[in-house]
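Student: Please take me closely through one part of this model, a single loop position and what surrounds it. I would then like to see how other places in the chain look when they are described in the same terms.

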Amino acid sequence: MIPKVFREVIDLGDGREISIETGKLAKQAHGSVVVQSGKCMMLCTVVSNYEQKDLPFLPLTVDYREKFAAAGRYPGGFFKREARPSDGEVLTMRLVDRVLRPLFPKNYSAETQVMIQLMSHDENVMPDAMAGLAASAAIQLSDFPFECAISEARVGRINGEFVINPTRAQLEESDIDMMIGASADSVMMVEGEMDEISEEEMIEAIKFAHEAIKLQIEAQHRLADAFGRKEVRDYAEEPDNEDLVKKVHDMAYDKVYAIAKAGSTKQERTAAFAAIKDEVKASFSEEEQEEYGGLISDYYRKAEKAAVRDLTVNEGLRLDGRKTDEVRDIWCEVDYLPSVHGSAIFTRGETQALATVTLGTSRDANKIDMPSFEGEENFYLHYNFPPFCTGEARPIRGTSRREVGHGNLAQRGLKGMVPDDCPYTVRVVSEVLESNGSSSMATVCAGTMAMMDAGIQMIKPVSGIAMGLISDATTGKYAVLSDILGDEDYLGDMDFKVTGTADGITACQMDIKVKGLSYEILVAALNQAREGRLHILTKLTDTIAVPRADVKDYAPKMVSVRIANEFIGALIGPGGKVIQELQKVTGCTIVINEDPVTEEGIVEILGTGQEGIDQVLAKIDSITFKPAVGSVYEVKVIKMLDFGAVVEYMEAPGNEVLLHVSELAWARTENVSDVVNMGDVFDVKYFGLDKRTRKDKVSRKALMEKPEGYVAPAPRERSSSDRRPPRRDDRKRD
């Protein structure tokens, strides 16, 4: 039986379309769709168990995978099978998760899984831009308790014109690469990188993307209506005990408010809040505690949240005593680690990052091997968040998704300021040593100083700041917070990270936790963020004003030269003999790449000593040496023969040429040793290829004055050593 297929089409306005289809594949999932644009097809399935787990959070898993078969390729590795997700896949998972998670009920705790698979790839379609659309469309076909449909779209700007879901080729020309996630009435997530754009331009891009998202949401509604909407499943509603809420609130609110207003440190504040919570719980009998279970703790958290938020909105004060637009105290230091190529410490309040920079060749580039993209990164940043930075002890299970996401944000903020002519592969590693809010922005600041310390000639220094928001829907009051604390991130309505130079924004990441955030508030947050960024930037430039003129003495120096394609083999040598010996003798690392356009050889020389680099350059000059016809060169006799002397060009050791006996002097020369001897140095003139011998011809006598009355001598008799060997055709056959 042929299944009935339901399909909706979204017009992107420039001849491209996105289709959403259901009814053909994965019908046992609670919701499934196939989203297609061009030849790009992805399958999204959603399943949520009917049993609720006894957990205070939603166990939601968003999984995005790209199948290598989608691009007609084999996976790498011994087993030839897709394994752990790549960083690119993890970043797409995070983009989808951050928009979906807040739309599930807070007390919904059933195991829920969203799986998105790229099944067919189109090089002109970037699949991550459609992942959010696929996830939401599948959920709309399910019976999940989910607040509203959402979607995500990428926006670029080419020659001043905004483009929705641009191709990868178009992104190369774009000065904006932003992903926006939104419902029909609210922007919920923004992440991207920009070429120093203004705050107003960023708002325009968000608005443009939001209009496109509204069309995608309408298509989801049409598809769900045609397919037949399912009745939302029943689940355990959160118990509602108004009397208990009031009792806990009355006991805790004023005490929490007083502690919050005291302006204490994180440790002091945490201990004081814990003591209040214990006091509240102790006021209940054992029977009441058993009856109400975790409600007392839940209601205490609500009272704590309300007190802290009210303090900020009503009095403009924050947990650590700052005003809303104040940035915590900052101290910085560069060149802290004596052996690394570049290092810096950035400490802001109770957040600290130590960044290191390592310089390498193109061989050290970060290779990206995904079905949807293959390439290399010559600048990349890794972010580590060990448990001790928050005073915790827990097992380390490899790199977390959070570490991948925060590192990517910092990398996007910095990479545009690495000059195109930087000869190095640059790796920045940020070790977060203390954390109480915005460690990713501390990473940007530490990374900037570490690169300047390493001698990377950054175009401009970059700083970053995390902004927060606390709003009161009842009164309409709100407070935008500069340089938020970890608690303010948890208690607030927005986490907005912005990086940039003195002239504009280079990257951003925003998560909004309230519906209907106005663009007016967003503009206020961006403008306040700019003031904070510039303040932090002055702290960085006070520590190191400009990049060091050169790399450090113990850091490798990089020289890059181009050679004609014909000389690549000579430089490598048979079996790599020449290049390996050269590396051994000079202590340099030599990497040879071929320019795909000109087919020239690009030779990268990396060494800590200038002497070794000079030796390599001299060898390359020697190998690539080509004498010019009519030019005069200094040569040295390195071999004596009956019919001439073998001489070596002094400016290109290893390049030899035969100086024939007839070119030694104007007078007839019977013995070569009558005119020159081993080790003699003199000048010769280069005449190019000899038409008779088809070999290079040089002459010593051409630089001498011809004797008066000179008569050319009769041709010399050819000796047996001068005679050519018999050709195969001349030989007699048996």
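Tutor: Contact here means heavy atoms within 4.5 Å. The model is a predicted one, in which local features need pLDDT of at least 70 and side-chain atom pairs count only at pLDDT 80 or more, whereas totals for chains, interfaces and linings use all residues. Residues are numbered from 1 along each chain as its sequence is written, and side-chain values use heavy atoms, with hydrogens and water left out.

The part to look at is P556, which lies in the loop between α12 (519–543) and β22; helices (H or I, at least four residues) and strands (E, at least two) are DSSP runs numbered from the N terminus. With a relative accessible area of 7%, P556 is buried, a word that stands for under 20%, with exposed over 50% and partly exposed in between (1.4 Å probe, protein chains only). Once the neighbours within four places in sequence are set aside, P556 is in contact with H341, L359, Y424, V551, L606, G607 and T608. E279, by contrast, is 277 residues away along the chain, and 61 Å separates the C-alpha atoms of P556 and E279.

From this loop one can go on to α15, because β22 (557–563) is among the elements that cover the buried residues of that helix, as are α13 (568–572), α14 (577–586), β23 (589–594) and β24 (601–607). The residues of α15 that are buried are G612, I613, V616, I620, S622 and I623. Helix α15 takes in 14 residues, 610–623, and its end C-alpha atoms are 20 Å apart, which agrees with the 20 Å it should span at 1.5 Å a residue; the expected span is 1.5 Å times one less than the number of residues.

Between two of those covering strands, β23 and β24, lies the loop that holds E599. This residue has a positive phi of about 65 degrees although it is not a glycine, and at a relative accessible area of 46% E599 is partly exposed. A positive phi, of about 60 degrees, is also found at S438, another residue that is not a glycine. S438 sits in the loop between β17 (425–434) and α10 (439–454), and with a relative accessible area of 10% it is buried.

For other helices the span can be checked in the manner used for α15. In α9 (residues 401–415), the 15 residues should span 21 Å at 1.5 Å a residue, and the end C-alpha atoms are indeed 21 Å apart. Helix α9 is largely enclosed by the rest of the structure, because 12 of its 15 residues are buried; among them are the charged-group carriers E403 and R412, along with H406, N408 and Q411. Helix α4 (residues 199–227) has 29 residues and reaches 42 Å from its first C-alpha to its last, close to the 42 Å expected, and just after α4, G228 takes a positive phi of about 105 degrees.

Two further buried positions can be described as P556 was. R322, in the loop between α8 (295–315) and β11 (330–334), is buried, with a relative accessible area of 7%. Apart from neighbours within four places in sequence, R322 is in contact with G316, L317, V327, R328, S482, D483, L485 and E488, while K261, 61 residues from R322 in sequence, is 9.9 Å from it in space, C-alpha to C-alpha. L491, in helix α11 (residues 486–491), counts as buried at 4% relative accessibility. On the same basis, leaving aside neighbours within four places, the contacts of L491 are K305, V308 and R309. The C-alpha atoms of L491 and N593, 102 residues apart along the chain, are separated by 52 Å.

A last point concerns the cysteines. A search of the whole structure finds zero disulfides, a disulfide being a pair of cysteine sulfur atoms within 2.5 Å. For C148, the nearest cysteine sulfur, that of C44, is 17 Å away, and C148 counts as partly exposed at 23% relative accessibility. For C332, the nearest cysteine sulfur belongs to C445 and is 7.5 Å away, and C332 is buried, with a relative accessible area of 17%.
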